[in-house]
Amino acid sequence: MSDHELAATLATEAGELLLGVRTELADATAAERKAAGDKRSHDYLMEALAKARPADAVLSEEGVDNPVRLSSPRVWIVDPLDGTREFSELDRDDWAVHVALWQDGELIAGAVALPAQGVTLATPTVAAPPEGPQAPRVVVSRTRPPAVALQVRDALGGTLVEMGSAGAKVAAVVQGRADVYVHAGGQYEWDSAAPVAVARAAGLYTSRIDGSPLLYNRADPLLPDLIVCRPEYAEAVLAVTK
């Protein structure tokens with residue numbers, strides 16, 4: 001199985017596991033669903049990666065960071081459950097599973113599963129999004145949209161689309177349901193690695209908000225800001241964010 005196929009398979013299967021957790025704990029508290037989802041998906045991914053790629057290192061949101069990854073040529077960067085709040089709300093579908101592979105300085109494979117939507121977006125080939133409306137749609141958090149995203153919306157004469165997890169937001173741009181995603185104020189490598197790999201495969205523009213490249217497998221996994229957008233909007237977005 002290729003790295004691309006493995007990323008897609010693991011993200012999809014972890015998503016199916018999470019749907020089972022949702023069903024099993026439908027009458028539990030939101031906190032119990034969150035905790036069970038995070039743990040079970042993490043445990044599954046760690047076991048599966050250890051079996052399929054035993055020589056590779058792993059950086060997971062739910063795991064203890066092992067510094068061996070900094071000297072490893074291949075590191076899987078995973079978010080077992082991106083959007084725990086949305087996952088815990090049984091009527092929402094804007095949560096995701098992220099599985100990405102970093103090798104020798106670059107993201108070389110990635111998959112974003114949207115289990116409640118029955119969709120997995122994965123490298124190496126992702127369809128480019130269809131043309132959107134004339135006024136660009138800027139996707140933001142439904143609870144705390146960053147000021148820079150509102151500034152981009154105003155500068156581009158766009159509209160806001162509220163959504164949950166980072167993976168779901170990037171997927172919305174890939175799928176043509178939004179045109180621009182700008183985030184500032186705190187994320188980590190596992191929040192964006194797989195979504196960025198998928199976005200690049202779809203021909204989208206990706207960078208930090210100052211236009212510098214998104215770098216992964218760093219000693220500090222904090223990667224607090226990013227832009228993912230249709231390439232025709234990149235210059236206008238950067239004019240606001242730089």
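Two residues are taken to be in contact when heavy atoms of theirs lie within 4.5 Å. With that in hand, the predicted model can be described from its domains inward. The domain assignment of the protein chain gives domain 1 (3-122) and domain 2 (137-239). Taken over C-alpha atoms, the centres of domain 1 and domain 2 are 20 Å apart. Across the boundary, 34 residues of domain 1 are in contact with 27 residues of domain 2.

Both domains also take part in the largest pocket, with at least three lining residues drawn from each of domain 1 (3-122) and domain 2 (137-239). This pocket holds about 540 Å³ of space. Its lining comprises 28 residues, and those nearest the centre are Arg144, Gly164, Ser165, Ala166 and Lys169. Two or more lining residues come from each of strand S2 (74-82), helix H3 (84-88), strand S6 (137-141), helix H5 (166-174), strand S8 (180-183) and helix H6 (189-201). Sorted by class, the lining of the largest pocket contains 9 nonpolar, 10 polar and 9 charged residues.

Helix H2 deserves a closer look. Helix H2 runs over residues 30-52, and its 23 residues reach 33 Å from first C-alpha to last, close to the 33 Å expected at 1.5 Å a residue. The buried residues of H2 are Arg33, Ala36, Gly37, Asp38, Ser41, His42, Leu45, Ala48 and Leu49. The cover over these buried residues includes helix H1 (3-24), strand S1 (57-60), S2, H3 and strand S3 (96-103). Ser41, placed in helix H2, serves as an example. Ser41 counts as buried because its relative accessibility is 0%. Neighbours within four places in sequence aside, Ser41 is in contact with Ala14, Leu17, Leu18 and Pro80.

Strand S6, already met in the pocket lining, contains Val138. Val138 is counted as buried because its relative accessibility is 0%. Beyond its neighbours within four places in sequence, Val138 is in contact with Ala149, Val152, Arg153, Thr159, Leu160, Val161 and Val180. By C-alpha position, Val138 and Gly118 lie 24 Å apart in space, with their positions 20 residues apart in sequence. One of the partners of Val138 is Val161, a residue of strand S7 (residues 159-163). When residues up to four places away in sequence are left out, Val161 touches Arg137, Val138, Val139, Val140 and Arg177. Val161 and Ala199 are 38 residues apart along the chain, and 18 Å separate their C-alpha atoms.

A few details of the backbone round off the picture. Most residues other than glycine have a negative phi, and most peptide bonds are trans. A cis peptide bond, with omega about 10 degrees, joins Thr123 and Pro124. Pro124 sits in the loop between strand S5 (119-122) and S6. Positive phi values occur at Asp104, near 50 degrees, and at Asn217, near 55 degrees. Asp104 belongs to the loop between S3 and strand S4 (106-114), whereas Asn217 lies in the loop between strand S9 (205-207) and strand S10 (226-229). Their surroundings can be contrasted too: Asp104 is exposed, with a relative accessible area of 57%, while Asn217 counts as buried at 8% relative accessibility.

Technical notes:
Residues are numbered from 1 along each chain as its sequence is written. This is a predicted model: local features need pLDDT of at least 70, side-chain atom pairs count only at pLDDT 80 or more; totals for chains, interfaces and linings use all residues. Side-chain values use heavy atoms; hydrogens and water are left out. On a 1 Å grid over the protein atoms alone, a cavity is a set of points where a 1.4 Å probe fits but cannot get out, and a pocket is an open set with protein on both sides within 12 Å along at least five of seven lines; lining residues have an atom within 4 Å of a point. Grid points are joined across faces, edges and corners, and a volume is the space filled by probe spheres set on the points. Helices (H or I, at least four residues) and strands (E, at least two) are DSSP runs, numbered from the N terminus. Ala, Val, Leu, Ile, Met, Phe, Trp, Tyr, Cys and Pro count as nonpolar, Asp, Glu, Lys and Arg as charged, and the others, Gly among them, as polar. Domain bounds come from an automatic or database domain assignment. The expected span of a helix is 1.5 Å times one less than its number of residues. Buried means under 20% relative accessible area, exposed over 50%, partly exposed in between (1.4 Å probe, protein chains only).
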